[in-house]
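Okay, thanks for making time, everyone. Let me put the model up and then we'll walk through it.

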Amino acid sequence: IDGPPRVRIVVLRHIDTTARTLRFHTDKRANKIAEIERNPAVQVLCYDPSNKIQLRLRGRARVHHADDVAHQAFTRSQPQRQLCYRQSASPGSLGTEPTNLTDPAEHDGEQNFTAVVVQIDELEWLYLAAAGHRRARYIWKDGTLISAWLAP
């Protein structure tokens, strides 16, 4: 696994606007964990079609496994979501048939569950409008917010 973390689609599970953090969940055996541990610089791209807003977020990811953050996130997850972490095969490994998440497992899934929290340091906002797009950048550096309009 060389280079920066690869692009992936993740489901945002929690956003804290005051702390400027977001959290997603994954399996500790997924390749993205090794990539993030080697290089925690990440980007997150979001699009809200109803509001015509695109966000590009840059920050640093922190992996939480077998700690309080991971435990609380796991126990608050719905039982159906917890099943995903019970499979014996590692994410992305080759198989001969589809995984059946209803098969019994030797553990509850928490041993594979990992929460990743991203601290946002930069946000780029793009509003798409027929009358003219708007774009801005916000950077938090040493406790100071630096903002600027950008050409769309």
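So, leucine 123 in strand 5 has tyrosine 138 as its bridge partner in strand 6. This is a predicted model, so local features need pLDDT of at least 70, side-chain atom pairs count only at pLDDT 80 or more, and totals for chains, interfaces and linings use all residues. Residues are numbered from 1 along each chain as its sequence is written, and side-chain values use heavy atoms, with hydrogens and water left out.

Back to those two strands. Strand 5 and strand 6 pair in the antiparallel sense, over six bridges; two strands pair, by the rule here, if DSSP finds at least two bridges between them. Strands are DSSP runs of E with at least two residues, helices are runs of H or I with at least four, and both are numbered from the N terminus. The hairpin of strand 5 and strand 6 has six residues between the strands, and in it glycine 132 takes a positive phi near 140°.

Which other strands does strand 5 pair with? Strand 4 is one, antiparallel, with twelve bridges, and there glutamine 54 is matched with leucine 126 of strand 5. Strand 2 is another, also antiparallel, over seven bridges. In that pairing, arginine 23 has valine 117 of strand 5 as its bridge partner.

Is strand 5 enclosed or open, then? Eleven of the 15 residues in strand 5, which covers residues 113–127, are buried, so the rest of the structure largely encloses it. Buried here means under 20% relative accessible area, exposed means over 50%, and partly exposed is in between, with a 1.4 Å probe and protein chains only.

Now look at threonine 21, which lies in strand 2. Threonine 21 is buried, at 17% relative accessible area. What does it touch, leaving aside neighbours within four places in sequence? Threonine 21 is in contact with His14, Ile15 and Asp16, and also with Val117, Val118 and Gln119. Contact means heavy atoms within 4.5 Å.

Just before that, in the loop between strand 1 (12–16) and strand 2, sits alanine 19. Alanine 19 is partly exposed, at 33% relative accessibility. Try putting a distance on alanine 19 and isoleucine 33: they are 14 residues apart along the chain, and their C-alpha atoms are separated by 23 Å.

On to the aromatics. A pair of rings is described by the distance of the centres and the angle of the planes. Rings of Phe, Tyr and Trp (the six-membered ring for Trp) pair if their centres lie within 6.5 Å; planes under 30 degrees apart are stacked, over 60 edge-to-face, and the rest tilted. By this rule there are four aromatic pairs. One of them is tyrosine 85 with phenylalanine 113: the centres are 5.1 Å apart and the planes at 85°, so it's edge-to-face. That pair links distant parts of the chain, 28 residues apart, with tyrosine 85 in the loop between helix 3 (79–82) and strand 5, and phenylalanine 113 in strand 5. Both tyrosine 85 and phenylalanine 113 are buried.

The next pair is tryptophan 125 with tryptophan 149, with centres 6.2 Å apart and planes at 65°, so that's edge-to-face. Here tryptophan 125 is in strand 5 and tryptophan 149 in strand 7, 24 residues apart. Tryptophan 125 is partly exposed at 22% relative accessible area, whereas tryptophan 149 is exposed at 62%. There's a cluster as well, with ring pairs linking Phe74, Tyr85 and Phe113.

A quick stop at the backbone. Most residues other than glycine have a negative phi. Lysine 52 has a positive one, near 55°, and lies in the loop between strand 3 and strand 4. Lysine 52 is partly exposed, at 43% relative accessibility. Aspartate 142 also has a positive phi, near 50°, and is found in the loop between strand 6 (134–141) and strand 7 (144–150). At 75% relative accessibility, aspartate 142 is exposed.
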